[in-house]
Every structure is written in structure tokens, then in C-alpha cells.
Amino acid sequence: MNRRQRMIASILLAVTALVLLISAFNPGVLERKQKPSDITIQVILRSSEGDYWQNVMLGAQAAVKEFGITMYTTASYDETDADGQMQAARQALATKPDAIVLAASDDEIFAPFLKEAAERHIPVIAIDSVLTSGKTRSYIGMDNYEAGGQALRELADQLGRQGDIAIIAHAAGGINGRLRAQGILDAASRYPNIRIVDQVTCSGEQDICSQTVAEELHKRQLDGIIALNTEASIGAAMELRNEQAGNRVKLVGFDSSPELLELLQENQLQKLIVQNPFSMGYLGMKYAMEAALGHKVPSRVEIQNKLIDKKNMFWKDNQKLLFPVVQ
């Protein structure tokens, strides 16, 4: 073997050793898929019920159709069942997907799952709910803290910057509800004549939220209410209609549903802060695919919300947001 051949052999041995070293510390590198049609993505949602989550799935399915990726979905019937969702997430890891899209119902409980996903080199894309208990490749969703402040400012304007208000949360609100509530409290500190006189949580169906609001209305003279998610918003608006108090007590709610849009037209609430779940589902799948292919993805994608009221709900762009199935 001459000198040139010995040099080539040495280089090949060095490259082989480097590849083996990389694979030992990062086994996912050699298994990385090369094209979208090879990718399998596991989607884990908080719920399979309600217009919001169905619109998330519409967006995810649009990405599947566009890119040719394979998707499997797990969703609970009860948004408050964090333990059940965690169990489903661990089972999803065992199937060795190329990436996971996760809409978590709780933060801390998912710390072990996120750690295990990182150890297995499976990228996790968080949608709807930001996670701080472990590493995710990206978060796609609304800034819930800022949205809470936005809700307070809108209600303050409705009340002429003075009045007593209550916050109605829902047990299924989880991480998002806590961030929205904190945003409301911090924003209220800049309005000396706006007083948050109570924070209550309703759980279960919309009629239970209505009962909670009824107790609040009978207990104190409220000028306004902020309801933090779909169920709380519907429950509050329906009780204001029952009490014929829709003109006296102003209501700002979150999310959208056919019931809420009907109540909005009836003046039972003044504003809805509406997200874009279709885009959330689509981008979650798109960035999960890109992460699985080894591409760099943005660490945070904030999806802007819109303020919907009786006047602008029929605008063309807002109709696409409220009814994404027509897109």
C-alpha cells in the first residue's frame, strides 16, 4: 500500500469513527427520514369534542393532504383529565413517531414525558398551550397572558373605565386559563376604578357555568364579566339572557362557537377574543414534519387573535376565521 492509499484509508477510518460517535450520542441522526411521505406524526389533543378542537383537526388534516405525511391522533373526551392525556402521550412515545404535536392540559405533569421524548430524539411541537416544564422544539399559539390583558382593556372601555367585574374561569382552562387570569389582574392594576371583586371557577357543562354566574349576580352588583374559555363564555352569556341583564352587565368572552355567535348577535356579550385553531393545527403539523426532517423551526410562532363583535363578525376575513371549513 503506497502513501496515497494509506492516507485515503486513514481518512475513511476517521469518517467511519466520526459517524459511529455521532450515532452513539445522537441515534436519531442516522434514522432521520428523507422526505415528507416517510414521516409519521402523533397528535395528542386535550379533547376531541367542541368546535375549537375540530377546527384544530381540520388544519392538521389540511397539512396531511398537502405534504403527504401520516398522522395518528389521540384525544380525551374530558379536557380536565391530565393523567389520562399523560398516559396517552407515553403510549404514543412507545410507537416511535418521527415527531409529536402536543396540546397539553397541564404543564408540570408533562415534564417526564418531555424528558423522555428528548432522550429518544423525538421533536415535540406544543400547540395551544405553552410548556415550560421541559424542552419543546416550538410553541404555536396565542400569547394568553397578553390576551387576558386585552380582555380587561376591552371591558374597561365598555364600562367607561370604572366598575366591579368578576372573572369566570373553567376547570378545563389549564395553563391558558391561568395565564389569561394573570394578564387580567396585571392589566387591571392600571385602571384604579376597575375593581375585580371575585374570581370563580365553574366545571362540567355549560349549565353549571350558568349556575355559577347566577350565584355571582345574586351575591353582588356586577358591572362586567370576563369569561376565560368557550364553556364559561356560553354559560355566562346564557345566564345574562335568563336574568335579562345583558344590557346592564357587559361581557367579554373567549373563543368561538355557533352558540356564542348567536348570543353575540343578541347582545348578550360585547366582544369575543377568537383564536385561529385551523392555522394552529396546520402549522403544528408543518413544523413537526420539518423538525423530523432535521430542518430548523422557529421556537415560537404567535398566532394573532381577533376581537369579534356584532358589527365585524360578518366581514369576509372574519367569516373565514369563524368557519374555517369553507376555506
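## Loops, helices and aromatic pairs in a predicted model

In this predicted model, His121 is located in the loop that runs between α5 (111-119) and β4 (124-127). The phi of His121 is near 60°, which is a positive value in a residue other than glycine, and because its relative accessibility is 33%, His121 counts as partly exposed.

A second residue with a positive phi is Asn267, whose value is about 65° although Asn267 is not a glycine. Asn267 sits in the loop between α10 and β10, just after α10, and its relative accessible area of 33% makes it partly exposed, since buried residues have to fall under 20% and exposed ones over 50%.

The helix that precedes this loop, α10 (residues 258-265), has as its buried residues Leu260, Leu261, Leu263 and Leu264. These leucines cover an arc of only 160° around the axis, so they lie on the same side of α10. A general point of helix geometry is relevant here: an α-helix has 3.6 residues a turn, so residues three or four places apart point the same way. As for what this side of the helix meets, the buried residues of α10 pack against two helices, α9 (230-242) and α12 (316-322), and against the strands β9 (250-254), β10 (271-274) and β12 (306-308).

Helix-to-helix packing can be followed elsewhere in the chain, where helix α6 (residues 144-158) and helix α7 (residues 174-188) pack at an angle of about 45°, with their axes 6 Å apart. The two helices are therefore oblique to each other, and their crossing is right-handed. On the α6 side, the residues in contact are Asn144, Tyr145, Gly148, Gly149 and Leu152, and they meet a set of residues in α7 that includes Asn176, Leu179, Arg180, Gly183, Ile184 and Ala187.

Finally, there are the aromatic rings, of which the structure holds three pairs. One of them joins Phe67 and Tyr282, whose ring centres are 6.2 Å apart with 35° between the planes, a tilted arrangement. This pair links distant parts of the chain, as Phe67 belongs to helix α3 (residues 50-67) and Tyr282 to helix α11 (residues 277-292), 215 residues apart; both Phe67 and Tyr282 are buried. Another pair is formed by Phe110 and Phe113, which are edge-to-face, at 5.9 Å centre to centre and with 85° between the planes. Phe110 is buried because its relative accessible area is 0%, and Phe113, at 0% relative accessibility, counts as buried too.

Key: Residues numbered from 1 in each chain as written. Predicted model: local features only at pLDDT ≥ 70, side-chain atom pairs only at ≥ 80, totals over all residues. Heavy atoms only, no water. Phe/Tyr/Trp six-rings, centres within 6.5 Å; stacked < 30°, edge-to-face > 60°. Helix = DSSP H or I, 4+ residues; strand = E, 2+ residues; numbered from the N terminus. Buried < 20%, exposed > 50% of the residue type's maximum accessible area, 1.4 Å probe, protein only. Arc of directions from axis to C-beta. Contact = heavy atoms within 4.5 Å. Axes fitted to C-alpha atoms, helices over the stretch in contact; angles between N-to-C directions. Parallel < 35°, antiparallel > 145°, perpendicular 65-115°, else oblique. Left-handed = near helix turned anticlockwise from the far one by under 90°.
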